[in-house]
Amino acid sequence: MEVRPPNPTADNSSIRQQHRHRHVPAAAPLKQPSASPVSVDTASVSHRLQKELMSLMMSGGDLGVSAFPEGESIFTWIGTIEGGKETMYEGLSYKLSLRFPLDYPFKPPQVKFETMCFHPNVDQFGNICLDILQDKWSSAYDCRTILLSIQSLLGEPNPESPLNSYAAALWNNKITEKWFTNSTFLERRLKADL
């Protein structure tokens, strides 16, 4: 290895350029706030939710679904769905919570059953396995569509994608399903007669 003495005629600018191009890990890089890919306009989201609320108030009750903001926030709603006619959930009413993200309608709301619901696609915490609330979400959907889809899911579960495997096993057993359905209807009729 050859060691050269410093060249007194070399200027310091070449040394500075060498240091500038050399990769030296910084001790603590300056962090700048990252810009979100989509700017959020909460006013337009609020306006959309207000329109959905008005639409739901005009037609939802006739369909067995309703929802209203909880408290002062337009982003947190409480919904209600009635069990569909001629299903084992007929005559039952369920309370749901809906939490709309700031980038709604580009992202789906978080929807959970607040009332206990024994169903193949609902777990013990109220989480719902429904494709339109996950990978099949479209910004064309609205609160009314969500509530009607959940109401439909009650009568037509997808036992192939269960959150509650015990309920799915019972649903797949036609004898148990028939017994459960008949006993549920008998129980309701007895209560109605009393």
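Strands β2 and β3 pair in the antiparallel sense, over 7 bridges. They belong to an open sheet of 4 strands in a predicted model. The chain has 194 residues, and 31% of them are buried. Its secondary structure comes to 5 helices and 4 strands. This briefing covers the sheet, helix α2, the annotated cysteine and some backbone details.

**Overall layout**

- From the N terminus on, the elements run α-α-β-β-β-β-α-α-α.
- Among contacts in the chain with a separation of 6 or more, 53% link residues 24 or more positions apart.

**The sheet**

- The strand order is β1-β2-β3-β4, and the pairing is antiparallel.
- The edge strands are β1 (65-69) and β4 (110-113), and each of these pairs on one side only.
- Neighbouring strands in this sheet are turned by 20° against each other on average, direction ignored.
- Strands of a sheet pair through backbone hydrogen bonds, either parallel or antiparallel.
- β1 is joined to β2 (residues 76-82) by 5 bridges, and these two strands run antiparallel.
- Across that pairing, F68 stands opposite I78 in β2.
- A67 stands opposite G79 in β2.
- On the β3 side, T80 has K95 as its bridge partner.
- In a regular strand, side chains alternate between the two faces of the sheet.

**Helix α2 against the sheet**

- Helix α2 (residues 42-59) lies across β1 and β2.
- Helix α2 runs at about 140° to β1.
- At 1.5 Å a residue, the 18 residues of α2 should span 26 Å.
- The end C-alpha atoms of α2 are 26 Å apart, so the model agrees with that expectation.
- V45, S46, L49, E52, L53 and L56 are buried in α2.
- These buried residues cover an arc of only 125° around the axis, so they sit on the same side of α2.
- The buried residues of α2 pack against β1, β2 and α3.
- The face turned away from the buried side carries the exposed residues A43, K51 and M58.

**E52, an acidic residue in α2**

- E52 is placed in helix α2.
- E52 has a relative accessible area of 6%, which means that E52 is buried, as the cut-off for buried is under 20%.
- Not counting residues up to four places away in sequence, E52 touches W77, Y104, Y141, D142 and C143.
- One of these contacts, W77, falls within the residue range of β2.
- Another, Y104, is joined to P105 by a cis peptide bond.

**The annotated cysteine, C129**

- UniProt lists C129 for "active site", in an unreviewed entry.
- C129 is in the loop between β4 and α3 (143-155).
- With a relative accessible area of 18%, C129 counts as buried, because the cut-off is under 20%.
- Leaving aside neighbours within four places in sequence, C129 is in contact with N121, Q134, L153, S161 and L163.
- L153, one of these contacts, falls within the residue range of α3.

**Loops and backbone details**

- The peptide bond joining Y104 and P105 is cis, with omega about 10°.
- P105 lies in the loop between β3 (93-99) and β4.
- E86 has a positive phi of about 60°, although E86 is not a glycine.
- E86 is found in the loop between β2 and β3.
- At 73% relative accessibility, E86 counts as exposed, because the cut-off for exposed is over 50%.
- The hairpin of β1 and β2 has 6 residues between the strands.
- In that hairpin, G71 takes a positive phi near 70°.

**Points to locate in the structure**

- Start with α2 across β1 and β2, then find its buried residues, including L49 and L53.
- Turn to the opposite face of α2 for K51, one of the exposed residues there.
- Next, find C129 in the loop between β4 and α3, and check its contacts, among them N121 and S161.
- Finish with the cis bond between Y104 and P105, and with E86 in the loop between β2 and β3.

Key
Residues numbered from 1 in each chain as written. Predicted model: local features only at pLDDT ≥ 70, side-chain atom pairs only at ≥ 80, totals over all residues. Heavy atoms only, no water. Pairing = 2+ DSSP bridges. Axes fitted to C-alpha atoms, helices over the stretch in contact; angles between N-to-C directions. Contact = heavy atoms within 4.5 Å. UniProt positions renumbered as here; feature names shortened; annotations may be inferred. Buried < 20%, exposed > 50% of the residue type's maximum accessible area, 1.4 Å probe, protein only. Expected span 1.5 Å × (residues − 1). Arc of directions from axis to C-beta.
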